[in-house]
Each structure stands twice: as C-alpha cells, then as structure tokens.
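Reader: I'm new to this one and would like to learn how to read it. Could you walk me through some features?

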Amino acid sequence: LRSVLADVAYLRSVLPGTTEDAFFDYLATLDASEVTVSAVPEGSVVFARVPFLQVRGPLLVVQLLETTLLCLVSYASLVATNASRFRLLAGPDVKLMEMGLRRAQGPDGALSASKYSYIGGFDCTSNVLAGKLYGIPVRGTIAHSFIMSFTSLEEVQPRVSVAPLEGGEPVDLPALAESWLQRDFQGLLDTYCVRRSGLPNFCAVALALHQLGYRAIGVRLDSGDLAQQSKEIRRVLRACGAHFQVPWFETIPIAVSNNISEQSVEEFSREGSEINMIGVGTNLVTCPLQPSLGCVYKLVEVNGSPCLKLTEDEEKMTIPGIKTIYRLYDAAGHPFMDLMALEEEPSPSAGQELAVRVLGQLGETSKVMPTTVEPLHRTYFRDGEVCEPLPTLPEVRSHAQASLGLLSPAHRRLHEPQPYPV
C-alpha cells in the first residue's frame, strides 16, 4: 500500500478545494509499514460472526484498506464455498470441471472463479489463462460448431506430411495425431443425435483407433436427460467392449454439461447415473443461490479502548475488543464450537471445562469441555512485510478439503444443517 504522485494529484482534483494541503502531503507518504494482519489460514472453514481476518495499524491506513480487503476475500470465499457444495454433492470419485468463463462477471471475475473453485474442490478448469497463471489442470472438449463445420467425409483428407517452414523440419501428421489421440481423444456425442449419430460413430472410430494403439479418454453429453442417456451409453460401451474384447471400453468416462446446478447433481446421484465427470459453469461462477457474501469490516478498538456499534438490528451489532479465536474439538475429532475470547484472557486448554455464552443465546451460560483446542489466527503481515510463508495453491486446496472433512455430518450436510455455535 503506497500512494504515487499521480494518485495524489487525482485526489486533489476531485476533493473539495477546501481540503488542507497537509492531507495530500500525508497521502504522499502513506504506506503499510505499521500494519499487522492476522487471519485464519486460507482454505479454512469459517462460520458466521467469527472474524477471519484482523487488521491493526494507524486508523486512517486501516480504514483505507477496508474496500480492498473486502473485495479480495468476499467473492473468493463465496465461489470456494459454492464449489465445495458441488464437491460434497458429487462425492469424491466424480471429476468436476469449472467451465464458467463465458458466464462470469468479466475477465477478472472469471479468473477468480477458476482459482477459487479449484480451492473449493473442483479438479480442473476450461480457462486456459487460469491454467497458465495458477497451474490449475486444464481440460476441455471440442465444440459443436467444429463438428458442424464439416459437411461431408470428403472434407477430411488424410495427409502424410506438411511441407516445412523455411529452416524447419517436415511435420509428420500421423505421429502428431498419435501424440494427441493417445491422451486426448474425447467424443462429443450430441451435436446431432446421440443414438443414431454420435454414439455409433464414436464407437466405430474409437474401436478402429484401438487397433492402431490409441485409447479414447471419454465421451461428452451437452443436452437432454443426462442421467438417463449416461446409463444408455454405458450399456452400449459395455456391449461393445465385451463383443470386441476390449475391456477398457466398458469403463470409458462419461462427461456431462448443460446448465448443471446443485439440484442436477443430486438427481444424477438419485437416479444412479453413470456420469464420471461434470462440467459446471453458470451455477458455479455466478453463485445464484447467494449472489453475494455479506463480509463486513468493523472497528473494534481504538487506542486500547474497545468500540461497540449499537443498532436495533442485533446481527449488525459489533462485538468490542481485540479477540483471539479458538476452535474446540470433540473426542471424535470434529469441531463443535468456535470460541471468541478477548486477547488478554487466558487461553483455554484441552480437557478444561469452559463457561461460554453462545451468540444468539447471550442470556444463557453453558459449559463445554473440548478434547482439542486450536488457535485459528496466524499473523501473516507485520512491519510492512509478509512474515509467514504463504502456501501454494495445491496446499490451500488440500487444506480446504481437510477442513471440510473434519466437520461432523450434522454440520456438513447441505439441507437443514445443524447450527454451528459461536
């Protein structure tokens, strides 16, 4: 965080002429050298009303950071959460591909969606730029328009080689095709008709290529009753595999897309589909069930004095004071409560009986005894520098899946989950 002269000059041009020159002089020297940021590790499960990021420093500086920090964490957390819901519904064995680039909120939103859906549990993305920038596995298939662009077999002429460019070597197309077909031959079945065109043609080509040593990696459906069609396709693939004695043919992966929602994934499971990969776009990146996440950034202490915002809306009342956050675990290893304590209060210990007040039930005191106590916050930024090694994207993704896996089934279920106490 620092201002450049051009930024200060622009602010001078739009702020009232009565603004003191000393203010602009101060802005020119602005930096984050006195700011400290602590947070839960990226990819952690967090619950409502629990501070997952705390910022300390000069008041004006930390106020200026508010919009930037909220912008960085809100959509990212929302997409990662939405992706994790799809992962929980699909189960661990079905591959999930993010393919929302065309529906995302602009190019920046699309890149964020690819990155944070990967953290939330998706396996790959169709966004090639996200693959380049973040190392996310890239997957895709051919387009309907490519198939439709051919009007007859006469347009597909086999060529042995292509003349080299100046100073280059001849291009051996069979060798080039082999390098691709061994890894990436996937058939798009429903451009015209699955039963009468796509599926029989795929089987014919895939079986012929098998005789040449090539192995298809799958088929894709993009319309119709996806669950029912997947079962019909699997029956045909098994029959072909048995008849032509090609065992791997029976297990060719079936991928589907077409406005997939959480409800769609539930129906696939309920109907016993044979789907192995699901491509999700619109309903992943736009988060239609909750289009925005209500993250807030609230002042809780100034110069050592706690601050409290009072309002008639209880949910908007702030909890004063700098806090330390602990996650309490039961004997089965599941978290059962997040505990907020003032920074100066003694840390709770495993096996210690604690008297707590649950938010929303502040008139009542209850007692709990955790088997394990985990402090949630780590300090990542101090004195103008990152002071904690930042994890790689695969490490964040692994932590997110582990964090979700620790939740008890009652808290993890998507329909009517048990409220998690704080």
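**Reading the model, feature by feature**

Author: Let's start with a single residue: Leu 199 is found in helix H9 (residues 194-211). Keep in mind as we go that this is a predicted model.

Reader: Okay. Is Leu 199 buried or exposed?

Author: The idea is to look at relative accessible area, where buried means under 20%. Leu 199 comes out at 7%, so it counts as buried.

Reader: And which residues is Leu 199 in contact with?

Author: Leave aside the neighbours within four places in sequence, and you find Leu 189, Val 194, Ile 233 and Val 236. For a sense of distance, take Cys 307: it sits 108 residues from Leu 199 in sequence, and the two C-alpha atoms are 67 Å apart in space.

Reader: Let's try another. Where is the place of Leu 284?

Author: Leu 284 belongs to helix H12 (residues 282-285). Its relative accessibility is 0%, so Leu 284 is buried too. Setting aside neighbours within four places in sequence, Leu 284 is in contact with Asn 82, Ala 83, Phe 86, Glu 98, Ser 117 and Phe 122. Asn 127 is 157 residues away from Leu 284 along the chain, with 14 Å between their C-alpha atoms.

Reader: Now the helices. How are two packed helices described?

Author: You use two things, the angle between their axes and the distance between the axes. Here, try helix H4 (residues 66-90) and helix H11 (residues 262-270): their axes come within 9 Å and cross at roughly 10°. Angles under 35 degrees count as roughly parallel, so that's how H4 and H11 run relative to each other.

Reader: Which residues make the contact?

Author: H4 brings Asn 82, Arg 85, Phe 86, Leu 89 and Ala 90, while H11 brings Glu 262, Val 265 and Glu 266. Sorted by kind, the residues of this contact are 4 nonpolar, 1 polar and 3 charged. You've met two of those names already: Asn 82 and Phe 86 were among the contacts of Leu 284.

Reader: What about aromatic rings? How many aromatic pairs are there?

Author: Rings pair if their centres lie within 6.5 Å, and by this rule the count comes to 6 aromatic pairs. One of them joins Phe 23 and Phe 24: the centres are 5.6 Å apart and the planes stand at 65°, so this pair is edge-to-face. Phe 23 is partly exposed, at 31% relative accessible area, whereas Phe 24 is buried, at 3%.

Reader: And what does a stacked pair look like?

Author: For that, the planes have to be under 30 degrees apart. Phe 47 and Tyr 420 have ring planes at 5° and centres 3.6 Å apart, so they are stacked. Phe 47 lies in the loop between strand E1 (36-39) and strand E2 (53-56), and Tyr 420 in the segment after helix H14 (409-412), so the pair ties together parts that are 373 residues apart in sequence.

Reader: Are those two residues buried or exposed?

Author: Phe 47 is buried, with a relative accessible area of 18%, and Tyr 420 is buried at 12%. Leaving aside neighbours within four places in sequence, Phe 47 is in contact with Arg 327, Asp 338, Leu 407, Tyr 420 and Val 422. Arg 413, 366 residues from Phe 47 along the chain, has its C-alpha atom 15 Å from that of Phe 47.

Reader: Which residues do ring pairs link into a cluster?

Author: Phe 202, Trp 248 and Phe 249.

Reader: What about a charge sitting over a ring?

Author: There, you check how far the charged end is from the ring centre. The charged end of Arg 397 is over the ring of Tyr 118, 4.7 Å from its centre. Lys 115 lies over the face of Tyr 134, 5.1 Å from the ring centre.

Reader: One more: the backbone. Which residue has a positive phi of about 55° although it is not a glycine?

Author: That's Gln 245, in the loop between helix H10 (226-243) and strand E9 (254-256). Gln 245 is exposed, with a relative accessible area of 71%. Asn 258, also not a glycine, has a positive phi near 115°. Asn 258 lies in the loop between E9 and H11 and is partly exposed, at 41%.

Definitions and conventions
Residues are numbered from 1 along each chain as its sequence is written. This is a predicted model: local features need pLDDT of at least 70, side-chain atom pairs count only at pLDDT 80 or more; totals for chains, interfaces and linings use all residues. Side-chain values use heavy atoms; hydrogens and water are left out. Rings of Phe, Tyr and Trp (its six-membered ring) pair if their centres lie within 6.5 Å; planes under 30 degrees apart count as stacked, over 60 as edge-to-face and the rest as tilted. Buried means under 20% relative accessible area, exposed over 50%, partly exposed in between (1.4 Å probe, protein chains only). Helices (H or I, at least four residues) and strands (E, at least two) are DSSP runs, numbered from the N terminus. A charge sits over a ring if NZ of Lys or CZ of Arg is within 6 Å of the ring centre and within 35 degrees of the ring normal. Axes are lines fitted to C-alpha atoms, for helices over the stretch in contact, and angles run from 0 to 180 degrees between N-to-C directions. Angles under 35 degrees count as roughly parallel, over 145 as roughly antiparallel, 65 to 115 as roughly perpendicular and the rest as oblique. Contact means heavy atoms within 4.5 Å. Ala, Val, Leu, Ile, Met, Phe, Trp, Tyr, Cys and Pro count as nonpolar, Asp, Glu, Lys and Arg as charged, and the others, Gly among them, as polar.
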